Amino acid sequence: MWVRAMTTDVSTASLLHLDAVSVAYGETVVLRDLTLSVAPGEVLAVVGPNGAGKTTLLNGIVGLASVVAGSVTYDSRNLRNMRPERAGGMGIAYVPQGRWLFPYASGTMNLWSGGYPRRDRRAVDRDVKGFLSRWPVAQRVSRRNANVMSGGEQQVVAIGRGLVAEPRLLLIDEPSLGLAPVLVEEVFRVLTEISGGLLEKNAAIILVEQNVNMALEIADHVCVLAAGEIVHDGRRGELPASQIGDLYLH
Ligand SMILES: Nc1ncnc2c1ncn2[C@@H]1O[C@H](COP(=O)(O)OP(=O)(O)O)[C@@H](O)[C@H]1O
Ligand SMILES: [Mg+2]
């Protein structure tokens, strides 16, 4: 009995658990035999070179790519190949690579769009206003359409939109991609603060990044993907950032 009581079942302790998962687009299998977990209150960083399959991993979780083997468990439910439009209702928010804001809608409207799965419109309004008042960069573009915002402004709005969804699992894909270093810092300031708030509410975050140093500043766990496979998975600090880079540069 003792042994049983002390054994933690990883699939129930975690909010999201992938077990031996393979993900494909049509006939093309991109990820093979991937096992990873993220627990409530944790940030998992997924790093790796271009084409490693990082975006495909997030797409597989939300049903935008096909999970062709293994199991995906979220909040004790089987998530394998759910329809992508169900993600919001299940508390999963996706901040995709390239932002994908509504180009002809203002910053405020884009933030509002994150609240679509929530019933309490007043709470959405409060959260949108709260985000705008907290971040001057967002306030500046509150009335400006997304297609005329800078990359950094768009990224802050995209993160805000994810936050307004009040997620239990937030997926963020390459927030620093294509941004000047000073803007990367700004985006990570926003990310650090909002992740603090979300983790306090026991949400979990999966952050995909190529900027290993930045990712390691907020991650509890780090998983290195290369050519569709996990080549390292451990707690932050087990490997210094320079060695993590080495894992996939050679
Ligand atoms: N829609 C798609 N259809 C077929 N192959 C794709 C598609 N999207 C990405 N791929 C392929 O999957 C691999 C991984 O891509 P991706 O997940 O975007 O990598 P990363 O995000 O790590 O840069 C690449 O070889 C890419 O060409
Ligand atoms: Mg990608």
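This is a conversation between a colleague and a modeller about reading a predicted model.

Colleague: I'm new to this one. How many helices and strands does the chain have?

Modeller: Keep in mind that the model is predicted. The chain has ten helices and ten strands. Its C-alpha atoms fill a box of roughly 55 × 40 × 40 Å along the principal axes.

Colleague: What does the radius of gyration tell me about the chain?

Modeller: You compare it with what a compact globule would have. For 250 residues that would be near 18 Å, and the chain has 18 Å, so the two agree. You can also look at burial: 42% of the 250 residues count as buried. Then there's the reach of the contacts. Take those between residues at least 6 apart in sequence: 67% of them join residues at least 24 apart.

Colleague: Let's do sheets. How do strands of a sheet pair?

Modeller: Through backbone hydrogen bonds, in either a parallel or an antiparallel way. Here, one open sheet has four strands in the order β2-β1-β4-β5, with antiparallel pairing. Its edge strands are β2 and β5 (77-78), and each pairs on one side only.

Colleague: How many bridges hold β1 and β2 together?

Modeller: Seven bridges, with β1 (residues 16-25) and β2 antiparallel. Ala24 stands opposite Val29 in β2, if you want a pair to find on screen. The two strands make a hairpin with two residues between them, and Gly26 in that turn has a positive phi of about 55°.

Colleague: And which pairs should I look at on the β4 side?

Modeller: β1 is joined to β4 by seven bridges, again antiparallel. Asp19 has Ser71 of β4 as its bridge partner. Next, β4 (residues 66-74) pairs with β5 in the antiparallel sense over two bridges, and Thr73 has Asn78 as its partner in β5.

Colleague: In what order do the strands of the six-stranded sheet come?

Modeller: The order is β6-β7-β8-β3-β9-β10, in an open sheet with mixed pairing. β6 (92-95) and β10 (229-235) are at the edges with a single partner strand each, so one side of each has no neighbour in the sheet. From one strand to the next, the twist averages 15°. At the β10 end, β9 (residues 221-226) pairs with β10 in the antiparallel sense over six bridges, and Val222 has Gly234 as its bridge partner in β10.

Colleague: Which helix lies across β6 and β7?

Modeller: That's α7 (residues 151-164), running at about 175° to β6.

Colleague: Is Ile230 buried or exposed?

Modeller: To judge that, count the other C-beta atoms within 10 Å: 20 or more means buried. Ile230 has 20, so it is buried. Ile230 lies in strand β10. Leaving aside neighbours within four places in sequence, its contacts are Leu34, Leu36, Cys223, Val224 and Leu225. You can also try a distance: the C-alpha atoms of Ile230 and Leu57 are separated by 11 Å, though the two residues are 173 apart along the chain.

Colleague: Leu57 is in α3, right? How many residues of α3 are buried?

Modeller: Yes, Leu57 is one of the buried residues of α3. Eight of the nine residues of α3 are buried, so the helix is largely enclosed by the rest of the structure. Just after α3 comes Gly63, with a positive phi near 90°.

Colleague: Which residues sit around ligand 1?

Modeller: They are Tyr25, Thr28, Val30, Gly48, Asn50, Gly51, Ala52, Gly53, Lys54, Thr55 and Thr56. The elements giving two or more residues to this shell are β2 (28-38) and α3 (54-62). α3 gives the most, with three residues. Sorted by class, the shell has three nonpolar, seven polar and one charged residues.

Colleague: Which residues have a positive phi although they are not glycines?

Modeller: Glu166, at about 55°, is one of them. It lies in the loop between α7 and β7. Glu166 counts as buried because it has 20 C-beta neighbours inside 10 Å. Asn202, at about 70°, is another. Asn202 is in the loop between α8 (181-200) and β8 (204-209). With 12 C-beta neighbours inside 10 Å, Asn202 counts as exposed.

Terms used:
Residues numbered from 1 in each chain as written. Chains lettered and ligands numbered in written order. Predicted model: local features only at pLDDT ≥ 70, side-chain atom pairs only at ≥ 80, totals over all residues. Near = placed C-beta within 6 Å. Nonpolar A, V, L, I, M, F, W, Y, C, P; charged D, E, K, R; others polar. Pairing = 2+ DSSP bridges. Axes fitted to C-alpha atoms, helices over the stretch in contact; angles between N-to-C directions. Contact = placed C-beta atoms within 7 Å. Rg over C-alpha atoms; globule rule 2.2 N^0.38 Å.
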